[in-house]
Each structure stands twice: as C-alpha cells, then as structure tokens.
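Visitor: I should be grateful for a close look at one part of this protein. Please choose a single residue in its interior and describe its surroundings step by step.

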Amino acid sequence: MTRSQEKRFKRQCAACRQMRERDELFRVVKVKGEAPVFDPEGKIPGRGAYICRDPQCVRQAEKKRVLSRSLHCAVPEDIYSQIREACEGEAGL
Ligand SMILES: [Zn+2]
C-alpha cells in the first residue's frame with residue numbers, strides 16, 4: 001500500500017460512526033494477548049479502534065464503553081483518561 005492510498009483510507013469513529021481521516025482520530029490498539037493501549041502516534045501494529053479528536057466523541061466513548069465493544073475486550077479506565085487528556089491538551093492549543 002502506498003502512502004497516498006493509506007491516506008485516503010478512512011476509519012470509522014467508534015463513538016459517532018463517522019468515517020474520518022486517520023489523522024483526525026485517536027487510536028487505541030489491542031495487541032493479541034495483551035491489554036489495549038492508547039496509541040497517539042498510530043504506529044503500534046494490531047487491531048485498532050478509533051475515536052474522533054473531539055471532546056464529545058471522547059466523552060461518549062467513555063460513557064458507552066465503545067472501545068470495549070470495538071476491540072472485543074475489556075478496556076481499562078486508564079485508556080479513556082489518556083484519550084481525554086490528549087483531547088483536552090489539543091483543545092487548549
Ligand atoms: Zn466521532
């Protein structure tokens with residue numbers, strides 16, 4: 001896959017179900033046999049779930065535990081707070 005193709009390939013937000021560019025989303029990765037991790041750089045290989053870089057989506061994702069559903073595993077509280085912090089950090093810029 002070339003870089004430009006990769007860019008056009010959109011991902012779905014787990015909270016609002018909108019398709020967005022990869023750089024508009026936060027990524028959480030589930031590596032097989034391990035607990036899910038927040039992947040701000042988008043570099044960790046594994047099964048990914050995506051949330052818009054939008055406080056509303058982040059809040060909704062946390063409330064509805066959508067990441068657990070997307071990744072088919074328990075997602076620690078910690079992951080949601082990491083995403084929330086990253087989101088708040090960006091909003092403050
Ligand atoms: Zn969203």
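Guide: The account below begins with the whole chain, turns to one leucine, and then follows its surroundings outward.

The model is a predicted one. The protein chain contains four helices and five strands, and from the N terminus its elements follow the order α-β-β-β-β-β-α-α-α. Of the 93 residues in the protein chain, 28% are buried. Among contacts with a separation of 6 or more, 54% join residues that are 24 or more positions apart.

The residue chosen is Leu-67, which belongs to helix α3. Is Leu-67 buried or exposed? Leu-67 counts as buried because 25 C-beta neighbours lie inside 10 Å, and the threshold for a buried residue is 20 or more. Which residues does Leu-67 touch, once those up to four places away in sequence are set aside? They are Ala-14, Val-28, Ala-49, Ala-61, Val-75 and Ile-79. One of these partners, Ala-49, is 18 residues from Leu-67 in sequence, and the two C-alpha atoms are 6.5 Å apart in space.

These contacts lead to the core. The largest nonpolar core comprises 21 residues, and Leu-67 is one of those with the most contacts inside it, together with Cys-13, Ala-14, Ala-15, Ile-51, Ala-61 and Ile-83. At least two residues of this core come from each of β3 (25-30), β5 (47-52), α2, α3 and α4 (77-91). As a general tendency, nonpolar side chains in soluble globular proteins are buried together.

The strands β3 and β5 deserve a closer description. An open sheet is formed by three strands in the order β4-β3-β5, with antiparallel pairing. Its edge strands are β4 (37-38) and β5, each of which pairs on one side only. Between β3 and β5 the antiparallel pairing extends over six bridges. Within this part of the model, Leu-25 stands opposite Cys-52 of β5.

Next comes helix α2. Its buried residues include Cys-57, Val-58 and Ala-61. These three lie on the same side of α2, because the arc they cover around the axis is only 100 degrees. Ala-61 is also one of the contacts of Leu-67. On the face of α2 turned away from the buried side are the exposed residues Gln-56, Lys-63 and Lys-64.

The link between the two helices remains to be described. Arg-65 occupies the loop between α2 (55-64) and α3 (66-71). Its phi is near 55 degrees, a positive value in a residue other than glycine. How exposed is Arg-65? Arg-65 counts as partly exposed because 13 C-beta neighbours lie inside 10 Å; a residue is classed as exposed at 12 or fewer.

A second arginine may be set beside it. Arg-17 also has a positive phi, of about 70 degrees, although it is not a glycine. This residue lies in the loop between β1 (11-12) and β2 (19-20). Arg-17 is classed as exposed, because 9 other C-beta atoms are within 10 Å.

To return to the starting point, Leu-67 is a buried residue of helix α3, and its contacts include Ala-14, Ala-49 and Ala-61.

Definitions and conventions: Residues are numbered from 1 along each chain as its sequence is written. This is a predicted model: local features need pLDDT of at least 70, side-chain atom pairs count only at pLDDT 80 or more; totals for chains, interfaces and linings use all residues. A nonpolar core is a set of buried Ala, Val, Leu, Ile, Met, Phe, Trp, Tyr and Cys residues joined through C-beta atoms within 7 Å. Two residues are in contact if their C-beta atoms, placed from the backbone, lie within 7 Å. Two strands pair if DSSP finds at least two bridges between them. The arc is that of the directions from the helix axis to the C-beta atoms.
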